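Okay, everyone, thanks for coming. I'll put the structure up and then walk you through a few spots in it.

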Amino acid sequence: MVNNNIFYFIFRKNIILDYEYQHVTRKRQISLFTSDKAKYILKDRKITCGRPDMNLPNNMIQTNQYTWLTFFPKNLYQQFRKLANLYFLVIGILQSIPQISITQGLPVIFVPLLFIVGISAAKDFFEDYKRIELDLPKNIFIVNYEKPNEIINRFNGQILMYDGNEIPLNLQNFALRGCRLMNTEYIIGMVCYTGHNTKIMINLFKYKMKKSKILILLQKFIINLFAIQICLSIIAAIVYLLSYLNNIYEFSYLVMNEYDKQYHIAFFTNFGNWILIFTNIVPISLLVTLETVKFFQGLQIQKDPKMGQTNVQTSNLNEELGQINHIFTDKTGTLTKNIMEFRQLVVNDVIYGYEEDPCYEALTDEEIQKNYPKVTNVNFRDKKFMKLLQNSKTEEVKQIEKILFLIATCHTVNSKIDKNGETVYMQQSPDEQALVNFAKFSGIEFRTRDMNDNIYIRHMNITYKFKILQTFEFDSLRQRQSVIIQNEDGEIIIYCKGNDQILSEKASKNTDQIMLIYLKEKLNEMSLKGLRTMMLAQRTISKIEYDEWDIRYQQCFQLNTQSLNQDDYYNQIYQLQNELEQDLTILGGTAIEDKLQDQVPETILAFKQAGIKIWMLTGDKIETAINIGYSCNLLDQDQENIIIDFKDENVLLSFLNEKNQELSQNNNKNNQKKFSLVISGESINHLKIPNIKNAILQLIKHCNCVLSCRVSPPQKQQMLLMVRQNDPNSMTLSIGDGSNDVNMILAAHVGIGILGKEGQQAAKASDFAIDEFKHLRRLLFYHGRECYRKNSQLVLYNFYKNILLVFPQFCNGVVNYFSATSLYDTFLYQGFNIFFTSVPIIIYALLDKEYNEQHLVENKKKNYYEQGLKNKNFNQGLIRQQIIIAVLQSCIMYAFSFFSLIINFITSDGRNKCYQSMGAMIYGSIILISNIKIIIISNTHTFGLYLSIILSLLFYVASWHFLYETPSFNDIDENLNSQIFIFLKNHIIYFQLKVTCYSQFSFWYYLDCWKYQFIRLGLFFILKYIYNIFIYQFQIKLKKEWEYEKDFNKQYDNNVNNIKVEEKKLTNIQCKILFGKNNKQGFVINKQQFSQQSINSSK
């Protein structure tokens, strides 16, 4: 948070240096961004208040990908980066080539392609437009500072004073874009980084778009399908050459030019024809259907009343939630409430606030309300301690007062005095809030700060003033915080609080070692109870020592301003700070409690039982982490904790090798003992060494969970990436609530942000944001599992129905020697994926439920989540299975259609008219079967599902009649409708539906279960009802056809001899086409059969 006092001090003193920028003019003007200006941006900067710097980028930023001018070209580029869209673009171009086109040179594939691209573009526009509203600049600050960089938790600058002095600036004087203003109504400052030079934006562009595992596998299989398409087309072209061109002179009725008689031209022409015929082997609507379903699934997750406030920011990863193998979680604010309460104080060999002490006596609520100030975040009621402070001035009391003055002084808390004279604290850290409130509760109250860096402490109605000379901020590297003060007597003291292990190493040689050992033991005991512990120390510094040190400290800032490397600069800063943090007098220790969130133990236990490995990564010490692990069910008493806390890499490697050998021997003995790994940040530092990294990975395989303690934000990301690289097939999820978790969230397959107390950085960087950790259980076990199941079925269904559509064309090629003639109507063919079969599967993916949602969330009856862990619902084997099923059903469908129509559609002159009728029959059957399959795979049969299926079928019938008006019934040879009516009359379609549906593998599973017998009967009556509807609707037309057949029967009886004459007139070529080459005897037999069939039909 920006320091208000510094800014107020600046403007009151009018601290403005008048100097010229390089390449900067006073005149306000608009200038282009040139290469010279780009070089200027890479330099450290100076800002004069009130003078614009035109060489810097303006304060306009874009997290959105598009603008009004670039949306069309950039979105088209993004759309056709998708392999499926690019494939159909090429197909459309091929359809435009007359020599190979099967659509009369019309690129009809562009109609559904434009529809799909349009829907995807609309979705991209909607999501991108929401980002524009968030593009507001918010980085503010002052004067002289470092060049733009991506390091969020670091800032260095200086205020140049009018007298030549310099005031150093650090991260506390810096506000990032995305921060929220708290504890104050406004701040005053100057913009230092603008637009895309802001730290958040520099980090943002390193983010890579995440893809789901289903989409990655889908892209690979599309390539495989294209390879199959090429192979089938080559086979078809080769067979075509061998069958037709080798017998070209026997087929004189075929019109061929000279180019058709050339083998290479004929090959490539036929090859191109078959490429276009097999176009729909890749489902054109699959990607847009999947994206549409994911979008609405994301809305369902957001609207779930049992999920609290949930934000879905990357709906493309919905199904990933159902396949998580590893969960990486932060502790503070994620598993805990991040609401700190002061519990215990250790002074010398005494623990105050220790409720298990037999002599412990607690203050009553009445005593607290009557005699003590009203404070929050303090759960300390030790009556002995409070009486001790009031009634004596012993050495012990003096020691306690030193501790309380340290607590009231060593912090970054701001405050204000309200109308009643009470102090209101404003802080960033909940730990500091608990500590400062405890000091106030004990009688030593931090009051306020002034603009001259003076701090005021009130004790026994006396106000003491301390001058703050330096403040060394807490960070994950130092693991401590220090403040240098000067009291009213001129004495300079450094107060220090932080990690007990680090401060004990900096203790004075005169420190009572027995007391120090006792103090460390007590702090460890507190850690084992899950309390956050801290050691307190101080040292008095002479004026001469401080002045000499301060000169070097200020020189370091000046060197950084000129030419010092940033890393070298911070190393020198740390070294100088470390010089004063030596030879410390240990005063005591504190313990703060951070309670677990609701249902955290139950949630973690459910994850473990489901087979998910949990990783807890925290900055706490090992003992605290272990205790929290037991509290939240991450650890249990049956597990052996393997603790790794070694600084030396050789010792670490030796321990890992011995442990791995021991565990391998236990596995060979079938030892069922469970293990957990506890590893410190110091040991994680050695992961760069390959042998150590491999040994740790080998050890992790034997462990059910992992606790990483004293880890920094980069180490969290390092651990996650190590798992991803070692096991590329595993799915990782990271969850955190603070800015220190952002790197880990971005590195995981799925990132979850907690909408917590430490700002919105984690939530904004995440793919999903939730209120509490307990909601993660429902997000994974219910929404994740169901999205994975239904989206997997959606993809498999699309492959199934498209193979079902395409393969009859290949069967037709076997009959006509692969002459590359399309079986289906050109325009109706293009509507298959978009209009006739797309809506029901979307309804299924949104509304279907396999089990009761409560059973899925509890996950107790059986491991419902296991299907995602083992990829049971979507893998290459299942895709191949659906393709084989579709191929078999295609063959059955084609065989029934071919053999049932070829003997019923021969005209009086002996011509066969079954080709178009067979294509219409197969195409209509495919649409009907594809929609019925959705009923078969559905677990929830809703009104919306049946309505979408009925409307899809009706839309097909309407489209068919719209494109082809009903012809007259005067001539059976030209009447396609009458051919279909005869076919319906012969009950073939009903029989074919039953054969095809009952051949479904999944359908037999339902028939074997008694509780699905009603579904079987219901489906039977549905099919019968559909059949009856068709008969009833066309009953009048059928009567006309029967009357026409009666007339034809009379004519036949009178002209049998004429029919025999017509048989002899048929040419040898017609015989070859209908029944095989040179098979005249077979032709006569079949003609006799046709005659007998006609007689039977007329009767």
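**A quick tour of the chain**

So, the protein chain exposes about 52700 Å², and carbon and sulfur atoms supply 56% of that. Keep in mind that this is a predicted model. The chain runs to 1099 residues, and 51% of them count as buried. In terms of secondary structure, you've got 42 helices and 24 strands. And if you take the contacts with a separation of 6 or more, 74% of them are between residues 24 or more positions apart.

Let's start with the residue the record points to. UniProt, in an unreviewed entry, lists Asp330 under "active site", and that annotation may be inferred rather than shown by experiment. Where does aspartate 330 sit? It's in strand E6, which covers residues 326-330. Buried or exposed, then? Aspartate 330 has a relative accessible area of 6%, and the cut-off for buried is under 20%, so we call it buried. Who's around it? Skipping anything up to four places away in sequence, aspartate 330 touches Leu335, Leu617, Lys716, Ile735, Gly736, Asp737, Asp741 and Met744. Lysine 716 is the one to look at on the screen: its side chain makes a polar contact with the side chain of aspartate 330, at 3.2 Å.

Okay, on to salt bridges. The count comes to 41, and I'll show you three.

The side chains of lysine 306 and glutamate 853 meet in one, at 3.5 Å, N to O. That pair links distant parts of the chain, 547 residues apart: lysine 306 is in the loop between helix H9 (286-303) and strand E5 (311-312), while glutamate 853 is in helix H30 (residues 853-858). Lysine 306 comes out at 48% relative accessibility, so it counts as partly exposed. These two also belong to a network of salt bridges, which links Asp304, Lys306, Arg778, Lys849 and Glu853.

Next, arginine 478 and glutamate 581 form a salt bridge, with 2.8 Å between the closest N and O atoms. Here the partners are 103 residues apart, both in loops: arginine 478 between strands E13 (462-472) and E14 (480-486), glutamate 581 between helix H17 (566-580) and strand E17 (585-596). Both arginine 478 and glutamate 581 are buried.

And then lysine 659 with glutamate 640, closest N and O atoms 3.4 Å apart. Lysine 659 is in helix H20 (residues 649-668) and glutamate 640 is in strand E19 (residues 639-644), 19 residues apart. How do they compare for burial? Lysine 659 has a relative accessible area of 12%, so that one is buried, whereas glutamate 640, at 23%, counts as partly exposed.

Last stop: helix H34, residues 943-963. There's a nonpolar patch on the surface formed by Phe943, Leu947, Ile950, Leu951 and Leu954, with about 520 Å² of accessible area together. Leucine 951, for instance, lies in H34 and is partly exposed at 48% relative accessibility. Now look at serine 948, which lies in H34 too. Serine 948 is buried, with a relative accessible area of 7%. A polar atom of its side chain lies 2.6 Å from the backbone oxygen of leucine 945. And leaving aside neighbours within four places in sequence, serine 948 is in contact with Val839, Pro840 and Ile843.

That's my tour. Happy to rotate the view for anyone who wants another look.

Methods: Residues are numbered from 1 along each chain as its sequence is written. This is a predicted model: local features need pLDDT of at least 70, side-chain atom pairs count only at pLDDT 80 or more; totals for chains, interfaces and linings use all residues. Side-chain values use heavy atoms; hydrogens and water are left out. Helices (H or I, at least four residues) and strands (E, at least two) are DSSP runs, numbered from the N terminus. Buried means under 20% relative accessible area, exposed over 50%, partly exposed in between (1.4 Å probe, protein chains only). Contact means heavy atoms within 4.5 Å. A polar contact is a pair of N or O atoms within 3.5 Å; within protein, one must be able to donate a hydrogen and the other to accept it, and residues adjacent in sequence count only if both atoms are side-chain atoms. Patches are made of residues with over 30% relative accessible area and no salt bridge: like charges are joined within 9 Å, nonpolar side chains (Val, Leu, Ile, Met, Phe, Trp, Tyr) within 5 Å. Accessible areas come from the Shrake-Rupley method with a 1.4 Å probe; for residues, only the protein chains shown count as cover. A salt bridge is a side-chain nitrogen of Lys or Arg within 4 Å of a carboxyl oxygen of Asp or Glu.
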